[in-house]
Amino acid sequence: MNIQWDARKYVQEFDFVPKYGEALLALLDPEQVHSVLDLGCGSGALTAQLAAAGYAVCGMDASEEQLRLAQQRCPGIPFFKGDATDFALKMPVDAVFSNAVLHWIDRERQADTLRCVYRALRQGGQFVFEMGGAGNAEQIYDALRQAFEKRHFPYQISFYFPSIGEYASLMEQAGFRVTYATLFARPTPLKGDEGLADWIRMFIKEPFSAIPTAQADEIVRETVETLRPALCQNGVWLVDYVRLRCKADKQA
Ligand code: BEZ
């Protein structure tokens, strides 16, 4: 996993992440689903909504800081620490639910995650998830790449944003039957004049880790100005998110 979190800032400034996940809940089939694992539950915003919708939910996340926030938010829900590429449940669940998590996992480890999810489900159980898909935040990554390469700094990001075809194929190889898949653009507004700069500092850590702070700041400023005509509309910054939303079942 490629995550380094500032969990509190994430909750305060990027609360759209769980908000947009609400539509995902509607893909769960309440007639067939009672128990749900919220995989990569973060601070528990969607776990709480799953519980409010009547599901017997538990939450798993790799970050202790996020889990503490989740436990404060939802005192009655069981949460546990786990690695999405290597976990096992004591009892299988009816559904695994995951929002904005799978793109943090390297392409090479996706099969491990899908194997764990498959094992965690009962026969006929459902896997419902949303992640960044092909083309996600591409304008931002391209502008950053230009700014790094102009200065002869290496630029690499490890997020994984698959197409429908690529991910459906991985799911089928893991034994799932894919029943729904859609890839759609979801331009997402950010808070404040510094919205895009804050987003870059929050989510793009890797290429900045090896360069001096002054030059990192210069790259962020230059990237923001490059993107202003395309991604700042009426004073509101947008991220050019593309989402891959899927539903699959463990064939009975
Ligand atoms: C996303 O949710 O698509 C995302 C967030 C942060 C970094 C990369 C992708």
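Which residues is Ile 140 in contact with, leaving aside its neighbours within four places in sequence? Let me start there. This is a predicted model, so please keep that in mind. Ile 140 is in contact with Leu 196, Trp 199, Ile 200, Thr 223, Leu 227, Leu 231, Val 239 and Asp 240.

That takes us to the core. Ile 140 belongs to the largest nonpolar core, which has 32 residues. Ile 140, Leu 144, Trp 199, Ile 200, Ile 204 and Phe 208 touch the most other members. Four elements give two or more residues to this core: α7 (138–150), α9, α10 (213–231) and β8 (236–250). There is also a second, separate core. That one has 26 residues, including Met 60, Phe 87, Cys 116 and Leu 121. As a general point, nonpolar side chains tend to be buried together in soluble globular proteins.

Now helix α9. The helix runs over residues 195–203, and eight of its nine residues are buried. Among them are Trp 199 and Ile 200, along with Asp 198. Just ahead of this helix, Gly 192 sits in the loop between β6 (176–189) and α9. Gly 192 counts as partly exposed because its relative accessibility is 46%. Its C-alpha atom is 8.5 Å from that of Gly 235, which is 43 residues away along the chain.

Next, the ligand. Which residues are around the ligand? They are His 103, Trp 104, Asn 136, Tyr 141, Phe 159, Phe 161, Phe 203, Tyr 241 and Arg 243. Three of these deserve a distance. From Asn 136, a polar side-chain atom lies 2.7 Å from a ligand oxygen. For Arg 243, an N or O atom of the side chain is also 2.7 Å from an oxygen of the ligand. For His 103, the figure is 3.4 Å, again from a polar side-chain atom to a ligand oxygen. Phe 203 also appears among the buried residues of α9.

On to charges. The whole structure has 15 salt bridges. Take Arg 186 and Glu 130: their closest N and O atoms are 3.4 Å apart. Arg 186 is in strand β6 and Glu 130 in strand β5 (residues 121–132), so this pair links distant parts of the chain, 56 residues apart. Arg 186 is buried at 12% relative accessible area, and Glu 130 is buried at 1%. Glu 130 has another partner, Arg 245, with closest N and O atoms 2.6 Å apart. Arg 245 lies in strand β8, 115 residues from Glu 130. Arg 245 is buried too.

Compare a pair within one helix. Arg 228 and Glu 225 meet in a salt bridge of 2.9 Å, N to O. Both lie in α10, three residues apart, about one turn of the helix. Arg 228 is partly exposed at 34%, and Glu 225 is partly exposed at 43%. Back to the buried group: salt bridges that share partners join Glu 130, Arg 186, Arg 243 and Arg 245 into one network. Arg 243 is also one of the residues around the ligand.

Last stop, Asp 38, in strand β1 (residues 35–39). Is Asp 38 buried or exposed? Asp 38 is buried, yet has no salt bridge. The nearest side chain of opposite charge, Arg 73, is 9.2 Å away. What Asp 38 does have is a polar contact, side chain to side chain, with Thr 47 at 2.7 Å. Asp 38 also touches other residues beyond four places in sequence, including Leu 50, Val 57, Met 60 and Phe 97.

Conventions:
Residues numbered from 1 in each chain as written. Predicted model: local features only at pLDDT ≥ 70, side-chain atom pairs only at ≥ 80, totals over all residues. Heavy atoms only, no water. Buried < 20%, exposed > 50% of the residue type's maximum accessible area, 1.4 Å probe, protein only. Core = buried A, V, L, I, M, F, W, Y, C linked by side-chain atoms within 4.5 Å. Contact = heavy atoms within 4.5 Å. Lys, Arg positive; Asp, Glu negative; His and termini not counted. Salt bridge = Lys/Arg side-chain N within 4 Å of Asp/Glu carboxyl O. Polar contact = N/O pair within 3.5 Å; in protein donor to acceptor, adjacent residues only side chain to side chain. Near = heavy atom within 4 Å.
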